[in-house]
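The exercises below are to be worked with the sequence and the coordinates open side by side. Each task is followed by a solution that proceeds step by step.

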Amino acid sequence: MKIIAELCQNHNGDVDLLKKMIKAASKSGATHVKIQHIRPEILNFRARHEEGIIFNGNKISLKRPFEAEYKRLSKLTLSDRVVKDFISICNDQGVKPLTTCFARCDVKKIRKLGFNEIKVASYDCASYQLLRELSQEFSHLYVSTGATYDNELAHAVQIL
């Protein structure tokens, strides 16, 4: 059985807190500890997210203004040095390090940082080229499917 301790962004960019969380996860029986590979500098402005869009009473685009999202994510970014330390601490604590990859341009970099396994966010289950590239670089992929339609999931399974 695999138990993934999802640290996500809960370290708030605080390296000491990150270290404490890794150690607590290891002591609690986690087999993996996961962070997220966040790079706000590659965010794209999308007008539809500035106010969100509701069409016929259905929310079809979330309200997530660019400037606020950029500022929020900038506080959560971990440097390459901290990521390498994260991997080292995980290995020292006997847990496997994981991260979530959000962009194709980061696939090879994340691998070079030292990750052997990778997490795919549920809304990227239908990012088929990302799945192809991740499957070529990493020994194991953990794919969330919560935001995925059945036909997208079936296609992702075919790819993987």
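**Exercise 1.** Decide whether A154 is buried, partly exposed or exposed, and then locate A154 in the fold.

*Solution.* The structure is a predicted model, and the classification rests on computed accessibility. The relative accessibility of A154 is 42%; since the partly exposed class covers the range between 20% and 50%, A154 counts as partly exposed. As to its place, A154 belongs to helix α7. A distance completes the description: A154 and A47 are 107 residues apart along the chain, and their C-alpha atoms are separated by 31 Å.

**Exercise 2.** Describe how helix α6 packs against helix α7, giving the angle, the handedness and the residues involved.

*Solution.* Begin with the axes: those of α6 (residues 128–137) and α7 (residues 150–159) come within 10 Å and cross at roughly 30°. Because angles under 35 degrees count as roughly parallel, α6 and α7 are roughly parallel to each other. The crossing in which α6 passes α7 is right-handed. On the side of α6 the contact is made by Y128, L131 and R132, and on the side of α7 by E152, H155, A156 and I159. Sorted by character, the residues of this contact comprise 4 nonpolar, 1 polar and 2 charged.

A further step concerns the interior of α6, whose buried residues are L130, L131, E133 and L134. The elements that cover these buried residues include α5 (107–113), β6 (117–120), β7 (140–143) and α7.

**Exercise 3.** Carry out the corresponding analysis for helices α1 and α4, and state how the residues of their contact divide.

*Solution.* Helix α1 (residues 15–27) packs on helix α4 (residues 80–92) at an angle of about 20°, the axes being 10 Å apart. This angle makes α1 roughly parallel to α4, and α1 passes α4 in a right-handed crossing. The contact is formed by V15, L18, K19 and I22 of α1 together with V82, F86, I89 and C90 of α4. Those residues divide into 7 nonpolar, no polar and 1 charged.

**Exercise 4.** Characterise the surroundings of T99, starting from the question of whether T99 is buried or exposed.

*Solution.* T99 lies in strand β5, which spans residues 96–100. With a relative accessible area of 1%, T99 is buried, because the buried class takes in values under 20%. Apart from neighbours within four places in sequence, T99 is in contact with K34, I35, Q36, H37, I110, F115, I118 and K119. For one of these, I35, a polar detail can be added: the backbone oxygen of I35 lies 3.5 Å from a polar atom of the T99 side chain.

**Exercise 5.** Place the two loop residues K63 and G114, and assign each to an accessibility class.

*Solution.* K63 is found in the loop between β4 (58–61) and α3 (66–74), and at 54% relative accessibility K63 counts as exposed, because that class begins over 50%. Once neighbours within four places in sequence are set aside, K63 is in contact with H49, E50, E51 and G52. Between K63 and G29, which are 34 residues apart in sequence, the C-alpha to C-alpha distance is 38 Å.

G114 is located in the loop between α5 and β6, and its relative accessibility of 28% places G114 among the partly exposed residues. The C-alpha atoms of G114 and E137, 23 residues apart along the chain, are separated by 11 Å.

Definitions and conventions. Residues numbered from 1 in each chain as written. Predicted model: local features only at pLDDT ≥ 70, side-chain atom pairs only at ≥ 80, totals over all residues. Heavy atoms only, no water. Helix = DSSP H or I, 4+ residues; strand = E, 2+ residues; numbered from the N terminus. Buried < 20%, exposed > 50% of the residue type's maximum accessible area, 1.4 Å probe, protein only. Polar contact = N/O pair within 3.5 Å; in protein donor to acceptor, adjacent residues only side chain to side chain. Contact = heavy atoms within 4.5 Å. Axes fitted to C-alpha atoms, helices over the stretch in contact; angles between N-to-C directions. Parallel < 35°, antiparallel > 145°, perpendicular 65-115°, else oblique. Left-handed = near helix turned anticlockwise from the far one by under 90°. Nonpolar A, V, L, I, M, F, W, Y, C, P; charged D, E, K, R; others polar.
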